[in-house]
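Colleague: Got a minute to go through this model with me? I'd like to start with the helices and then wander around a bit.

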Amino acid sequence: LAFATSACTPEMTAKAAIEDEWGAKLAPCAERIAKRESNFDASAVNRSSGTTGLFQLHPMHATWIKKTFGYDFSEMKDARKNAEVARGLSNAAWKYYGDGWQPWRLSGKAVPGGGCPA
């Protein structure tokens, strides 16, 4: 007798967090970025840069994260919090550069009105 399981995988958890924070329109691109940056591993940390979580948020944003969201940088290993902060970073990039995807462009350069970088 086989039993069905409803266990969630880390990828499923990550995608649910992304969908909740980014909405249906932006989630497909945000998912491609999270796949590229962390392979949907919320606990991923880059040893050389310290970037953390699904969207590989940089420690240089720690003060902004604390001030804006009330989270310590160590909480960026939480998929939902990481997706929320990444969406906030995207909103800020849109405001400042006209490119909400700028933080994840491999060139680091803003492309006003540009499409998904992943």
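Colleague: How many residues does helix H3 have, and what does it span from first C-alpha to last?
Modeller: H3 runs over residues 79–97, so to speak, with 19 residues, and reaches 26 Å from its first C-alpha to its last, close to the 27 Å expected at 1.5 Å a residue. The expected span is 1.5 Å times one less than the number of residues. Helices here are DSSP runs (H or I, at least four residues; strands would be E, at least two), numbered from the N terminus.

Colleague: Before we go on, what sort of model is this, and what's been filtered?
Modeller: This is a predicted model: local features need pLDDT of at least 70, side-chain atom pairs count only at pLDDT 80 or more, and totals for chains, interfaces and linings use all residues. Residues are numbered from 1 along each chain as its sequence is written, and side-chain values use heavy atoms, with hydrogens and water left out.

Colleague: Good. Which residues of H3 are buried?
Modeller: The buried ones are Ala 79, Asn 82, Ala 83, Val 85, Ala 86, Gly 88, Leu 89, Ser 90, Ala 92 and Ala 93. Buried means under 20% relative accessible area, exposed over 50%, and partly exposed in between (1.4 Å probe, protein chains only).

Colleague: What covers them?
Modeller: The cover includes helix H1 (10–38) and helix H2 (62–69).

Colleague: And what about the ends of H3? Which residue caps the N-terminal end?
Modeller: Asp 78 does, with a side-chain oxygen 3.0 Å from the backbone nitrogen of Arg 80. A polar contact is a pair of N or O atoms within 3.5 Å; within protein, one must be able to donate a hydrogen and the other to accept it, and residues adjacent in sequence count only if both atoms are side-chain atoms. Just after H3, Gly 98 takes a positive phi of about 70 degrees.

Colleague: Asn 82 was on your list. Why does Asn 82 count as buried?
Modeller: Because its relative accessible area is 0%. The Asn 82 side chain reaches the backbone oxygen of Met 76 at 2.9 Å. Leaving aside neighbours within four places in sequence, Asn 82 is in contact (heavy atoms within 4.5 Å) with Thr 52, Gly 53, Leu 54, Phe 55, Leu 57 and Met 76.

Colleague: Leu 54 rings a bell. What does its backbone oxygen have 2.9 Å away?
Modeller: A polar atom of the Ser 38 side chain. Ser 38 sits in helix H1 and counts as buried at 9% relative accessibility. Beyond residues up to four places away in sequence, Ser 38 touches Ala 44, Gly 53, Leu 54 and Gln 56.

Colleague: Any odd backbone angles in that stretch? Where does Gln 56 lie?
Modeller: Gln 56 is in the loop between H1 and H2, and has a positive phi of about 50 degrees although it is not a glycine. Gln 56 is buried, at a relative accessible area of 13%. Asn 39 lies in the loop between H1 and H2 as well, with a positive phi near 55 degrees. Asn 39 counts as partly exposed, at 48% relative accessibility.

Colleague: Switching to pockets. What volume does the largest one have?
Modeller: About 420 Å³. Of the 21 residues that line that pocket, the closest to its centre are His 61, Leu 89, Gln 102, Pro 103 and Trp 104. On a 1 Å grid over the protein atoms alone, a pocket is an open set of points with protein on both sides within 12 Å along at least five of seven lines, whereas a cavity is a set where a 1.4 Å probe fits but cannot get out; lining residues have an atom within 4 Å of a point. Grid points are joined across faces, edges and corners, and the volume is the space filled by probe spheres set on the points.

Colleague: Which helix gives the most to the lining?
Modeller: H3, with five residues. H1 and H3 each supply at least two.

Colleague: And the lining by class?
Modeller: Twelve nonpolar, six polar and three charged residues. Ala, Val, Leu, Ile, Met, Phe, Trp, Tyr, Cys and Pro count as nonpolar, Asp, Glu, Lys and Arg as charged, and the others, Gly among them, as polar.

Colleague: Last one: is Gly 100 buried or exposed?
Modeller: Buried, at 8% relative accessibility. Gly 100 is in the segment after H3 and, neighbours within four places in sequence aside, is in contact with Ser 90, Ala 93 and Trp 94.
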